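Thanks for making the time this morning; I would like to walk you through one structure, going from the interface to the cores, then to the charged pairs and finally to one ligand site. Please have the sequence and the model open as I go.

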Amino acid sequence: MVHSTGETRQQLPPEEPPGTGAQAHGPVPVGTPAVRPAFDTEHPPSAALIGDCVHCGFCLPTCPTYTLWGEEMDSPRGRIDLMKAGLEGAPLSDTMVQHFDACLGCMACVTACPSGVQYDELIEATRVQVERHHQRPAGQRALRAAIFALFPYKRRLRAMRGPLRAYQASGLSGMLRRSKVLDRLAPTLAAMEALAPPLERREKLPERVPAVGQRRAVVGMLTGCVQGEFFPAVNAATARVLAAEGCDVLIPRRQGCCGALSVHNGRQEEAERFARATVDAFERAGVQTVVVNAAGCGSSMKEYADLLADDPAYAERAARFAASVRDVSELLAELGTVAPRHPVDMTVAYHDACHLAHAQGVRAQPRALLREIPGLQLREIADPEICCGSAGIWNVLNPEPARELGDRKARTIADTGAELLVTANPGCLMQVASSLERQGTRIGLAHTVEVLDASIRGIPVRGLGIQR
Amino acid sequence: MSVTHGTTTTAGPVPGDTPPEATSATGDAHRHSAGIEAVGRVARAVLPVTGVLSDPTQLRTYECDGLAHYRVTPALVVLPETTEQLAAVVRACAAHGVPFVARGSGTGLSGGALPRADGVLVVTSRMRTIREVRRADQRAVVEPGVINLAVTRAVTGEGYYYAPDPSSQQICSIGGNLAENSGGAHCLKYGFTSNHVLGAELVTPQGDVVALGGLAPDSPGYDLLGTVVGSEGTLGIATTAVVRLVRLPEEVRTLLVGFRSTDDAGAATSAIIGAGIVPAAIEMMDALAIEAAEAAVHCDYPAGAGAVLVIELDGAAVEVEHEYAQVERFCTEHGAFELRPATDAAERALIWKGRKSAFAAVGRISPDYIVQDGVIPRTALPEVLRAIAELSSSSGVRVANVFHAGDGNLHPLVLFDDAQPGAGKAAEQVSGAILDLCINHGGSITGEHGVGVDKAAYMPRMFSDDDLDTMQLVRCAFDPDGISNPGKLFPTPRLCGEVPGKRKHAHPLVEAGLADAF
Ligand SMILES: Cc1cc2nc3c(=O)[nH]c(=O)nc-3n(C[C@H](O)[C@H](O)[C@H](O)COP(=O)(O)OP(=O)(O)OC[C@H]3O[C@@H](n4cnc5c(N)ncnc54)[C@H](O)[C@@H]3O)c2cc1C
Ligand code: SF4
Ligand code: SF4
């Protein structure tokens with residue numbers, strides 16, 4: 001099948017990458033799991049980090065799965081207990097895996113914990129072990145394989161755009177069809193497609209966008225997979241805003257996926273591969289600062305130092321790279337505003353993307369940038385620390401609870417009465433959009449930089465989706 | 001008492017060589033398997049599938065509360081959603097002589113919700129609906145699993161809040177608060193949970209559903225509600241609470257005051273209260289506690305302070321204005337070197353953050369620690385603090401002090417490093433000696449964290465055998481078979497026959513004609 005931009009179709013799974021995950025290490029021998037301890041000795045979750053947990057429970061109310069189900073084993077404290085059990089020799093039973101898998105990785109618990117427990121490191125180490133030692137049922141495996149054969153690859157994502165809806169894609173194997181993988185993926189792809197602007201509006205970014213006026217910084221920009229393919233307007237706005245604020249923006253052509261989805265799902269080797277390529281791409285560009293506009297990508301790029309710590313050729317470079325990564329709002333706040341703002345007379349609700357607020361601690365900067373815009377009224381959403389249920393690919397893997405979380409978030413958003421919802425992650429936008437639509441709430445959607453861009457240029461906020 | 005880092009230490013004379021599993025407090029896993037199976041069948045019949053847990057992996061996550069030293073895996077966990085479901089499970093327990101333990105959010109610091117290996121853990125975390133807000137009556141009717149702070153959040157829009165505010169308020173449950181008679185910084189002025197619970201629905205240890213108290217301010221007859229509040233889950237399980245809502249004050253002023261020593265800060269506290277001012281809160285932290293809080297939340301407390309007071313005044317604006325001037329004067333007169341009033345909500349939040357995160361923050365300056373909880377008459381504060389300092393210097397064990405100075409509720413944090421041989425033992429001794437200090441000064445072994453399993457052995461230090469026997473009579477009246485949270489609150493199961501078996505003889509006091517069984 002031929003894509004409307006003239007691209008040849010992509011052969012989707014399964015023979016290509018993963019190269020890691022459960023398949024790479026072979027199935028767990030049948031009949032032995034009861035005696036086999038959960039974790040091997042290669043980077044299991046750290047006993048010392050687990051020991052930091054004082055069992056106070058302060059993390060429970062911010063955990064989306066605890067708020068949904070009210071049970072200990074689906075809370076951060078309970079999951080840490082399970083990791084401890086695993087270290088003490090308990091087997092990696094289906095039940096145990098189910099509770100690790102149910103974790104959205106939203107890191108709200110890291111923010112909430114007064115003892116400084118590094119749950120992020122714990123769950124990442126655990127997920128790698130799960131991928132290595134646990135055999136998931138065939139349907140689930142196929143679904144995961146499909147996701148990881150699709151999302152991190154721009155050209156494949158592009159192939160899914162336009163009139164080519166998931167159901168029509170023909171490169172899929174029979175197994176995928178039988179396992180209803182597409183039924184699961186379809187709503188997500190459909191949501192992306194519904195929100196994405198029509199194809200012809202796709203703005204192609206040059207490799208270099210020069211600073212307007214006096215140059216204050218030279219930055220590299222990550223375009224991202226989903227952001228780049230489905231929300232290109234966000235990238236264009238990012239480049240314009242950065243340029244308006246005095247940045248020379250370099251956009252390396254040969255950049256791929258940053259590996260966020262892989263790292264958040266324990267697919268270590270795949271993640272490392274993506275990370276190395278990303279470091280290479282930006283080193284070639286020779287920039288001191290790398291700017292990201294997708295929260296999930298930014299948070300995983302800031303963790304490259306840990307991810308590549310065991311690779312002598314990359315460890316040091318990865319650490320340098322990680323230190324250079326900034327979320328776009330973070331960088332703009334650091335630089336300080338110079339470009340004049342035009343009024344935007346709108347009430348705006350700002351939604352904290354978990355990977356920005358919890359994983360990167362960036363909460364104040366986007367709000368401050370929005371407040372600088374004359375006429376704009378900022379409204380806070382109740383329970384801001386609770387995840388909307390998107391969480392990378394969690395909503396594809398766990399559609400029902402994700403819908404419930406999305407609906408809760410949509411209700412609190414509707415309660416603000418705002419005209420425009422602003423956030424910094426494509427996943428959140430898609431997730432919340434479908435809940436809002438289901439609920440019949442009419443509200444515009446936009447990325448933070450799109451609002452800044454509109455204000456700087458003195459044009460109406462174009463935004464995405466419903467009020468297009 | 002809470003010990004960080006999952007160490008094996010605790011205060012109190014619990015013998016270190018007897019694992020909790022083997023004590024009478026926790027039960028024997030093998031004795032009741034038939035009973036457990038029977039209760040499990042009933043539970044599966046009345047509860048949703050996800051409401052009954054028996055997978056060992058899942059059970060394991062319920063093995064301890066906020067006092068992680070004591071760990072026992074329960075035989076069965078149930079998560080009822082309604083009073084009827086909960087009562088059905090309790091009835092089944094009663095029918096089969098299976099002990100049960102209630103659990104709210106599992107933040108208790110005395111092991112009150114420690115499960116029984118031969119029993120059922122009844123968790124209320126799915127009973128979390130605020131059933132009714134009666135603003136005009138200043139009442140709310142809530143289920144036991146409702147989080148303390150959720151009550152306040154639900155009513156602040158209407159100008160009210162729920163006053164008792166344990167530091168754990170964002171997660172502890174109203175049922176747990178009721179069972180522990182929990183308090184918080186603002187209980188100095190507004191009283192403990194017992195002053196704010198006006199009624200409760202209780203599932204008795206026989207599985208009957210009874211109403212205690214109600215919406216009206218007083219109910220005639222014995223104050224059974226008062227008996228149940230603070231009973232630590234030993235008299236049944238609360239399935240509803242009617243709580244009082246308090247009007248949000250017109251004005252709140254928060255003041256952070258730096259002193260050179262805890263003596264000065266203590267004297268200022270006594271002067272303020274002695275003058276008839278009742279602040280909403282007076283909290284004290286000493287130098288070591290300040291260091292911990294700084295490390296954790298960068299609260300920017302006055303540099304070089306030997307102690308700080310966090311003082312909050314609330315009420316009508318004119319009254320607050322007047323009291324504020326006096327408080328400032330008393331502090332200055334007693335050697336305050338810095339007075340820093342919060343100028344906005346963010347500053348107030350930061351001042352409180354330093355105080356409220358102090359327990360968990362101590363983990364940043366010491367690998368392990370014990371949170372002690374004791375009460376003394378406020379006037380004994382300087383003397384007791386000096387004695388604690390002496391204990392600390394003679395034993396070489398560091399003690400940080402964080403406490404509700406206004407009502408003399410001490411929370412000494414005894415620091416140690418379990419990796420050093422003997423350090424845990426030394427810390428236990430200091431911690432125990434602090435409790436003795438409290439008792440000797442006319443105080444009590446717990447201000448708000450409860451007795452649970454942790455301090456049960458201390459009860460005889462405060463009470464005579466006759467006292468304890470009399471308390472047991474109350475317990476027997478509610479729970480003759482001793483199946484409701486057995487092994488907690490009292491040192492050893494006494495009277496009522498063997499726990500959890502049936503009562504065999506009349507109580508000795510009854511036999512002697514000195515008391516009557518209810
Ligand atoms: C960091 C930290 C700070 C704390 N600060 C304070 C403080 O400032 N003030 C304070 O008072 N406490 C404090 N606590 C202790 C604890 O939070 C309180 O005791 C709280 O009330 C326990 O509530 P819970 O829902 O966690 O109860 P749990 O720990 O689950 O149970 C506590 C006890 O209540 C019983 N119980 C629970 N639900 C019911 C019910 N529905 N019916 C009958 N019995 C029941 C249990 O059997 C158990 O004995 C703190 C704890 C932590 C970890
Ligand atoms: S990362 Fe999010 S979902 Fe996972 S345990 Fe923490 S709060 Fe819960
Ligand atoms: S808040 Fe931190 S210390 Fe407390 S239970 Fe959660 S992870 Fe453990």
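Let me begin where the two chains meet: 33 residues of chain A are in contact with 34 residues of chain B, contact meaning heavy atoms within 4.5 Å. Before going further, I should say that this is a predicted model, in which local features need pLDDT of at least 70 and side-chain atom pairs count only at pLDDT 80 or more, while totals for chains, interfaces and linings use all residues. As for conventions, residues are numbered from 1 along each chain as its sequence is written, chains are lettered from A and ligands numbered from 1 in the order in which they are written, and side-chain values use heavy atoms, with hydrogens and water left out.

The area buried between chain A and chain B comes to about 2,500 Å², and carbon and sulfur atoms give 49% of it; buried area here is the accessible area, taken with a 1.4 Å probe, that two parts lose on being put together, summed over both. On the chain A side, V54(A), H55(A) and F58(A) supply 21% of what that chain buries against chain B, which is more than any other three residues.

The interface of chain A and chain B is also crossed by four salt bridges, a salt bridge being a side-chain nitrogen of Lys or Arg within 4 Å of a carboxyl oxygen of Asp or Glu. The side chains of E72(A) and R103(B), for instance, meet in a salt bridge at 2.9 Å, N to O. There is also a network of salt bridges that links K84(A), E88(A), R60(B), E63(B) and R71(B). Within that network, the closest N and O atoms of K84(A) and E88(A) are 4.0 Å apart; K84(A) is partly exposed, with a relative accessible area of 21%, whereas E88(A) is exposed at 52%. For these words, buried means under 20% relative accessible area, exposed over 50%, and partly exposed in between, with a 1.4 Å probe and protein chains only.

How many salt bridges does a search of the whole structure find over all chains? The search finds 46, and one of them joins R116(B) to D118(B) at 3.1 Å, N to O. Both partners are buried, R116(B) with a relative accessible area of 3% and D118(B) with 1%.

Turning to the nonpolar cores, these are sets of buried Ala, Val, Leu, Ile, Met, Phe, Trp, Tyr and Cys residues joined through side-chain atoms within 4.5 Å. The largest has 71 residues, and those with the most contacts inside it include Y119(A), M285(B) and L413(B). Helix 9 of chain B, residues 287-297, gives the most to this core, with seven residues; helices are DSSP runs of H or I, at least four residues long, numbered from the N terminus. Another core, of 60 residues, lies apart from it, with C247(A) and V449(A) among its members.

Y119(A) also appears at the last stop, among the residues around ligand 2, which include C63(A), R79(A), C103(A), C106(A) and C109(A), each having a heavy atom within 4 Å of the ligand. That shell divides into nine nonpolar residues, one polar and one charged.

Notes:
Ala, Val, Leu, Ile, Met, Phe, Trp, Tyr, Cys and Pro count as nonpolar, Asp, Glu, Lys and Arg as charged, and the others, Gly among them, as polar. Helices (H or I, at least four residues) and strands (E, at least two) are DSSP runs, numbered from the N terminus.
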